[in-house]
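Hello, and thanks for sharing this one. Here are some notes to read with the model open beside you.

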Amino acid sequence: MSTLNMDYHWLPFTNNKEFKANPQLIVRAEGIHYYDQQQRKILDACSGLFTTPAGHCRPEITEAVSKQLATLDFTPHFLRANPASFELAERIAELTPENLDRIFFVNSGSEAIETAIKIAYAFFAARGDGGKQRLVSRERAYHGVNFGGVALSGMVKNRDIYGAGLPGVAHMRHTWLAENSNTLGEGEHGIELADDLLRMIQLHGAQSIAACFVEPIAGSTGVLVPPKGYLQRLRQLCDEHDILLVFDEVITGFGRTGANFAADSFDVTPDIITMAKAITNGAQPMGAVAVRTDIYDTVIEAAPGVAPEFFHGYTWSCHPAACAAALATLNIYRDESLFERARALSPLLLDAVANLAELDIINDVRGYGMLAGFDLAPCEQPGRRGAQLQLDLFNAGLHLKTTGDAGIIAPAFVTTPQQIEQMFEILTKVLKRY
Ligand code: PMP
């Protein structure tokens, strides 16, 4: 085992001092297992970070990326396109809800959010409604770490030192309600929370509001499943008041809810969908924004001259290696019917998480599809117990994400029923020590 020099690297979203005292390194992955430096096998209960539903190190993806890099490694997309991104756009448009079939490529979830904000502005500017610039989002939302996303986000720690960020963002209440505690699936209570959007409209005027951003299921803040009828009500209000509804499906996209997108599962079609994570099964950085056809048409048609219609894009947008990884990933999802498999496995996951509620340390359990969350009973220092839990679980052979004192479980869709049981055996055993 080589020793690691810890002096040069600043790790993201990490307590670096604690990490140095207790480094957790992964050196290899295969299927639904990680391996650390001692070749200890660790069950991955989080699909990496919601990224890897088809299991780690799929040879089909590795080969596709390698072949692509040997043939064409890079094109400057602002001038010269590559065929793989056209093929991929078509494949993604086959999966997105009807009409959301213009696909803009980026490199992460955060970039997808910034792009969606700009598309909303560009659309209303092209239509001659440039005054529509306010945005509405929600408490306990996570929309990435760039300034637009931070302003939309409702996670206090992610926002507090960055000032107002993007001005003109109003937050609706989050959808966690005590009345819905220990409910798997959509809660019975809380549809009226959607009327917070109506209050924003009454306060600011619909003529000033461009878009309403929500994660259909808030993922990173502990899996907050919307109450029954809530998303439908948001859709209705957006329609009535000419506001774009944006679903941030960075976590829920590509089968996590048992359908192509959460939009399908909840039967609510937004105007824009942001996606990333599972798009390449985690093998390459990539994100995308799916946009309603007429939004694209409006922006394109309004632009005069030969300059770009939309002054936005990244050097690595449409990167050939990422496109190759995504195409190989979508083939695996299709050929192995992995979204159907996610739907079939879901009851097992939700039953297992429901059993956790019997433990004294557990305050609430929630879940939908292949995504589940639980809250630990509060302790004196918020977040301390959650941080300790994820470390204890790692030492016990389980990779699981915690946010504050909430735990999040999101197994790969290739996980077997026995492996799900094994995950919960480890989790329950460790939780009983608390
Ligand atoms: N939106 C949502 C809903 C997310 O869950 C995340 C990442 N957890 C992001 C945006 C940001 O994605 P990235 O980390 O790829 O920038």
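The points below take up the domains, three helix pairs and the ligand shell.

1. A word on the source before anything else: this is a predicted model, so please read every value here as computed from predicted coordinates.

2. Let's begin with the overall layout. The domain assignment splits the protein chain into domain 1 (16-54 + 337-432) and domain 2 (63-335). Domain 1 is thus written as two segments, with domain 2 numbered between them. The C-alpha centres of the two domains are 26 Å apart.

3. How many residues of domain 1 are in contact with domain 2? There are 30 on the side of domain 1, and they meet 29 residues of domain 2. On the domain 1 side, the elements that supply two or more residues are helix 2 (47-50), helix 13, strand 11 (362-368), strand 12 (371-376) and strand 15 (406-409). Helix 13 gives the largest share, with seven residues. Sorted by class, this side of domain 1 holds 18 nonpolar, eight polar and four charged residues.

4. Helix 13 also deserves a look for its packing against helix 15. Helix 13 covers residues 338-356 and helix 15 covers residues 417-432; their axes come within 10 Å and cross at roughly 15°. Angles under 35 degrees count as roughly parallel, and the two helices are therefore roughly parallel to each other. Their crossing is right-handed. From helix 13, the contact uses Leu-348, Leu-349, Ala-352 and Leu-356, while helix 15 brings Pro-417, Ile-420, Phe-424 and Thr-428. That makes seven nonpolar residues, one polar and no charged ones.

5. A second pair to display is helix 3 (residues 59-71) with helix 12 (residues 320-335). Their axes lie 8 Å apart and the packing angle is about 150°, so helix 3 and helix 12 are roughly antiparallel to each other. Helix 3 passes helix 12 in a right-handed crossing. On helix 3 the contact residues are Glu-60, Ile-61, Ala-64, Val-65, Gln-68 and Leu-69. Helix 12 answers with a list that includes Pro-320, Ala-321, Ala-324, Ala-325, Leu-327 and Ala-328. By class, the contact has 11 nonpolar, three polar and one charged residues.

6. What angle do helix 5 and helix 11 make where they pack? It is about 60°, with the axes of helix 5 and helix 11 (residues 293-302) 9 Å apart. The two helices are therefore oblique to each other, and helix 5 passes helix 11 in a left-handed crossing. Ile-119, Ala-122, Phe-123 and Ala-126 make the contact from helix 5, with Ile-295, Thr-298, Val-299 and Ala-302 from helix 11. Here too the residues can be sorted by class: seven are nonpolar, one is polar and none is charged.

7. Finally, the ligand. Which element contributes the largest share of the shell around the ligand? Helix 5 (residues 109-126) does, with three residues. The shell has 14 residues, and the closest are Ser-108, Gly-109, Ser-110, Gly-144 and Val-250. By class, the shell divides into five nonpolar, seven polar and two charged residues. Helix 5 therefore appears twice in this note, as a part of the ligand shell and as the partner of helix 11, to which it is oblique.

Methods
Residues numbered from 1 in each chain as written. Predicted model: local features only at pLDDT ≥ 70, side-chain atom pairs only at ≥ 80, totals over all residues. Near = placed C-beta within 6 Å. Helix = DSSP H or I, 4+ residues; strand = E, 2+ residues; numbered from the N terminus. Nonpolar A, V, L, I, M, F, W, Y, C, P; charged D, E, K, R; others polar. Axes fitted to C-alpha atoms, helices over the stretch in contact; angles between N-to-C directions. Parallel < 35°, antiparallel > 145°, perpendicular 65-115°, else oblique. Left-handed = near helix turned anticlockwise from the far one by under 90°. Contact = placed C-beta atoms within 7 Å. Domains from an automatic or database assignment.
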